[in-house]
Amino acid sequence: MTPDRAAPTALDVDAVLDDRGTAIVICCGAGGVGKTTTAAALALRAAEHGRVVCVLTIDPAKRLAQSMGLSQLDNDPREVPGVGGASGGRLFAMMLDMKRTFDEVVERHAEPVRARAILANPFYQALSSSFAGTQEYMAMEKLGQLREPAAPDGSPQPWDLVVVDTPPSRSALDFLDAPKRLGSFLDGRFVRILLAPAKAGGRAYMRVFSAGVGAVTGVLSKVLGAHLLDDLQTFVAALDTTFGGFRERADATYALLQAPGTAFVVVAAPEPDALREASYFVDRLAEDAMPLAGLVLNRVHATEAPELSADRSLGAAELLDERGEHPLAAAVLRVHADRMQQIARERHLVRGFTATFPKVAVAQAKALASDVHDLDGLRAVGRSLAGEGS
Ligand SMILES: Nc1ncnc2c1ncn2[C@@H]1O[C@H](COP(=O)(O)OP(=O)(O)OP(=O)(O)O)[C@@H](O)[C@H]1O
Ligand SMILES: [Mg+2]
């Protein structure tokens, strides 16, 4: 037998949540691993430990949203009733409305007339609701707003902890990369080429430079349609004068992620792809000097009978089969053997991760029997993460 690799250090979830210095918790990870569930479970647990928390969720399942009192996309956090009790903690929750957040950015930074023009622009409308990266950018933008001491109407924001879920991207890295990509797209050469004619007075410019830049925009105008190109040029020109550069804005929001008090939680399922994705992300956080609290391993399997090994269980099932006795018991023994093998595979994967990242602490949440769609389900995930068992 090969010597067993060391088990991971346990991530003390409660220590992170109870530390008043923790101001932002960001749950990242590959698609479908449980980011939304983890974000909501951590936020609820922190609130029940006495903190005043706001959780920013992205595309939560409908039943989960309803259980937090969220019935529609709503860009303002709402208090979740029945949370906190004697601890004094409170929980506010919201679902990100990507388009509305983008509109708010425009409305906050542009003169009313210009803002109206941008909002009505078809290119803006397409970009704000569907451009790849917009959701990630807007999640960061919203996080920035939630961390401001006062709401736009001037009232103080009550929470001292913001827990952020991240969009359902294929790759966890998209959350960090997409805003910069969007920023450099809007600030980049492509757009500057498009922008030049608008700055120099529209179509007249195209006639003068018909051989150079004009040729590029000419082709583009055939591909995109002259109208769309005009829309894009006017839109970018308006944004440019309004924001003085999207990239700088993306950079500023990015800096928030490196600020003291931010804790990244990388969520993964105990599966090779999700753990590989988590490894890339852990490397990247280190490169970018972003603080990692640890890895959340979600939907880990467990058994009530750990002393009965897979081999013994299978052997007993075979014996029963041979004798033609107790078919139901034999079936249960086989299920148990499968479960034990799965637990062994999961353990092996986690130890592989820990061998590469010995300093990354790990918290595990058991796979519950059913989906997590209410506050009790979230509480159970929270307890499991904190190592309390259930
Ligand atoms: N520990 C768990 N036990 C049982 N079910 C779980 C657990 N964690 C998450 N789930 C379920 O798995 C599904 C996916 O979870 P979730 O929506 O949190 O993932 P996600 O990472 O946010 O997905 P996406 O990338 O699509 O946003 C949901 O139906 C959720 O209820
Ligand atoms: Mg999600």
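Trainee: Which element gives the most to the lining of the second largest pocket?

Mentor: This is a predicted model. Three elements each supply at least two residues of that lining: α2, α3 (62-67) and β7. One of them gives the most, with three residues. That element is α2.

Trainee: How much space lies in the second largest pocket?

Mentor: The pocket is lined by 26 residues. Closest to its centre are Gly34, Thr36, Thr37, Arg299 and Val372. The space in it is about 510 Å³.

Trainee: How many residues of each class are in the lining of the second largest pocket?

Mentor: Among the lining residues are Arg299 and Val372. Arg counts as charged and Val as nonpolar. By class, the lining has eleven nonpolar, eight polar and seven charged residues.

Trainee: Which pocket is the space taken by ligand 1?

Mentor: Thr36 and Thr37 are among the residues closest to ligand 1. Thr36 and Thr37 are also among those closest to the centre of the second largest pocket. The space taken by ligand 1 is that pocket, the second largest.

Trainee: Which residues that surround ligand 1 are the closest?

Mentor: The shell holds 16 residues. By class, they divide into five nonpolar, seven polar and four charged. The closest are Gly32, Lys35, Thr36, Thr37 and Asn298.

Trainee: Which element gives the most to the shell around ligand 1?

Mentor: Two elements each supply at least two residues of the shell: α2 (35-48) and β7 (292-300). The top contribution is three residues. It comes from α2.

Trainee: Which residue has a polar side-chain atom 2.7 Å from an oxygen atom of ligand 1?

Mentor: Set two backbone contacts aside. A polar backbone atom of Leu368 is 2.8 Å from a nitrogen atom of the ligand. A polar backbone atom of Val372 is 2.9 Å from an oxygen atom of the ligand. The side-chain contact at 2.7 Å belongs to Lys35.

Trainee: What share of the accessible area of ligand 1 does the protein cover?

Mentor: Take the ligand on its own. Its accessible area is then 630 Å². The protein covers 83%.

Trainee: What volume does the largest cavity have?

Mentor: Rolling a probe the size of a water molecule over the atoms shows where empty space is left. The structure holds three cavities of 30 Å³ or more. The largest has a volume of about 60 Å³.

Trainee: Which element gives the most to the lining of the largest cavity?

Mentor: The lining is made of Leu11, Val13, Val16, Leu17, Leu42, Val265, Ala293 and Val296. α1 (13-18) and β7 each give two or more of these residues. By class, the lining has eight nonpolar, no polar and no charged residues. The element that gives the most, with three residues, is α1.

Note on methods. Residues numbered from 1 in each chain as written. Chains lettered and ligands numbered in written order. Predicted model: local features only at pLDDT ≥ 70, side-chain atom pairs only at ≥ 80, totals over all residues. Heavy atoms only, no water. Near = heavy atom within 4 Å. Polar contact = N/O pair within 3.5 Å; in protein donor to acceptor, adjacent residues only side chain to side chain. Areas by Shrake-Rupley, 256 points an atom, 1.4 Å probe, with all protein chains shown as cover. 1 Å grid on protein atoms, 1.4 Å probe; cavity = no way out; pocket = protein on both sides within 12 Å on 5 of 7 lines; lining within 4 Å. Sits in = over half its atoms within 2 Å of the grid points. Helix = DSSP H or I, 4+ residues; strand = E, 2+ residues; numbered from the N terminus. Points joined across faces, edges and corners; volume = space filled by probe spheres on them.
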